[in-house]
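Hi,

Here is the structure I said I would pass on. Have a look at it first, and my notes on what turned up are underneath.

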Amino acid sequence: MTESENVLKRVMERGVAVGSDGSQSPSPDAVVKGHESAWGGPGNLYPIRPYTLTPPALEAFTVRERIHVLVDGLGEDIVDLHGMAIYRRHDPFAADGVELEWTNSTITAQFLTLQVTGHSDVFGQVKVSNTPSKPEGARVRPTPFRDGTLMPIKDCVTDLYPQFEIEQLGQVIHTGDRVVRLESRIAMVPPIGDVSRTSTKYPLYDSENRPVGELIAADIEIGALLHHVPIDSVNISPALAEVLLKA
């Protein structure tokens, strides 16, 4: 069983809503009312407040993704996909000697699973997934005003190596060794309701690394929080830090 499959099994076994203190039966006051920009509003699992640091956790979300893809020999289409994602959020940190708070913190997370599916009149069924064997994740960091003081809103980047299973093509295509970067601005973590977008195009390759098309654009929206499993403490791996923190 792969790490992501093991994590998914653990998360799904925790079918009862989990409170922020790890209890399986949170009081009514601990149940989230939801954020106005999140899908469905009510039903989230713990209070998610803007400009507030939260401890590390495994978290699962509904996800909506939209991709604009060109595939040689098939054509071009914009495809809406829906599914879920799981990530492991690490301990927040700040510069040495600085008291840790929302505005000065850096927050990272490792993507464990992304699985979304949609239908295209051009491509047939389309499935998009991540590549767990590669360093994938998200980084939220302080955003300075021009005078050097820090904004409450923070920059967020998500780095993924997506794989695209195209029914009419009969194979899985990918972006090779090039990571796909999506960017947004957020006011809370987890970023319920956030939409992150690409700002450039990415070539697509087949299983033999031959060019077969182009990812013209993509965006990902974080929907409802499905599961929240607190973990004691976790730090970013060196491989993921190389991708996220040196960008």
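Let me start with a single residue: Tyr-51 is partly exposed, with a relative accessible area of 43%. You will find Tyr-51 in the loop between helix 1 (3-13) and strand 1. I picked Tyr-51 out for its backbone: phi is near 60°, a positive value in a residue other than glycine. Most residues other than glycine have a negative phi, and most peptide bonds are trans. Do keep in mind throughout that this is a predicted model.

Two other spots in the backbone belong with that one. Asn-209, which is not a glycine either, has a positive phi of about 60°. The loop between strand 11 and strand 12 holds Asn-209. Is Asn-209 buried or exposed? Asn-209 counts as exposed because its relative accessible area is 52%, and the cut-off for exposed is over 50%. The other spot is the peptide bond joining Val-189 and Pro-190, which is cis, with omega at about 0°. Pro-190 sits in the loop between strand 9 and strand 10 (195-197).

Now the overall picture. The protein chain has two helices and 12 strands. Reading from the N terminus, the order is α-β-β-β-β-β-β-β-β-β-β-β-β-α, with a helix at each end of the run. Of the 247 residues, 47% count as buried. Among contacts with a separation of 6 or more, 67% are between residues 24 or more positions apart. The chain exposes about 12,000 Å², and carbon and sulfur atoms supply 51% of that area.

One loop gives you an example of a contact between residues far apart in sequence. Gln-168 is in the loop between strand 7 and strand 8 (171-174). Val-122 is 46 residues away from Gln-168 along the chain, yet their C-alpha atoms are separated by 7.9 Å. Leaving aside neighbours within four places in sequence, Gln-168 is in contact with Leu-74, Val-122, Phe-123 and Gly-124. Even with those contacts, Gln-168 is partly exposed, at a relative accessible area of 49%.

On to the interior. In soluble globular proteins, nonpolar side chains tend to be buried together. Here the largest nonpolar core has 26 residues, and Ile-67, Val-126, Phe-164 and Leu-215 touch the most other members. Strands 1, 2, 3, 4 (124-129), 7 (163-166), 9, 11 (202-205) and 12 each give two or more residues to this core. Apart from it lies another core, of 14 residues, including Phe-61, Ile-107, Ile-222 and Leu-225.

Val-126 is worth clicking on. Once neighbours within four places in sequence are left aside, Val-126 is in contact with Ile-67, Val-79, Leu-81, Val-116, Thr-117, Gly-118, Ser-120, Glu-165 and Ile-166.

Then there are the holes. How many cavities of 30 Å³ or more does a search of the whole structure find? It finds three. The largest cavity holds about 240 Å³ of space. Of its 23 lining residues, Tyr-87, Ala-138, Cys-156, Thr-158 and Pro-191 are the closest to the centre. Two or more lining residues come from each of strand 2 (75-89), strand 3 (107-120), strand 5 (137-141), strand 6 (154-160), strand 9 (180-186) and strand 12 (211-230). Strand 3 gives the most, with five residues. By class, the lining has 16 nonpolar, four polar and three charged residues.

The second largest cavity has a volume of about 60 Å³. Its lining includes Glu-65, Ile-67, Leu-114, Phe-164, Leu-215 and Ile-220. Strand 1 (57-71), strand 9 and strand 12 each give two or more residues to that lining, and strand 12 gives the most, with three. The lining divides into 11 nonpolar residues, no polar ones and one charged. If you want to link this to the core, Ile-67, Phe-164 and Leu-215 are in the lining, and these three are also among the core residues that touch the most other members.

That's what I have. Shout if anything is hard to find in the viewer.

Cheers

Note on methods. Residues are numbered from 1 along each chain as its sequence is written. This is a predicted model: local features need pLDDT of at least 70, side-chain atom pairs count only at pLDDT 80 or more; totals for chains, interfaces and linings use all residues. Side-chain values use heavy atoms; hydrogens and water are left out. On a 1 Å grid over the protein atoms alone, a cavity is a set of points where a 1.4 Å probe fits but cannot get out, and a pocket is an open set with protein on both sides within 12 Å along at least five of seven lines; lining residues have an atom within 4 Å of a point. Grid points are joined across faces, edges and corners, and a volume is the space filled by probe spheres set on the points. Helices (H or I, at least four residues) and strands (E, at least two) are DSSP runs, numbered from the N terminus. Ala, Val, Leu, Ile, Met, Phe, Trp, Tyr, Cys and Pro count as nonpolar, Asp, Glu, Lys and Arg as charged, and the others, Gly among them, as polar. Buried means under 20% relative accessible area, exposed over 50%, partly exposed in between (1.4 Å probe, protein chains only). Contact means heavy atoms within 4.5 Å. Accessible areas come from the Shrake-Rupley method with a 1.4 Å probe; for residues, only the protein chains shown count as cover. A nonpolar core is a set of buried Ala, Val, Leu, Ile, Met, Phe, Trp, Tyr and Cys residues joined through side-chain atoms within 4.5 Å.
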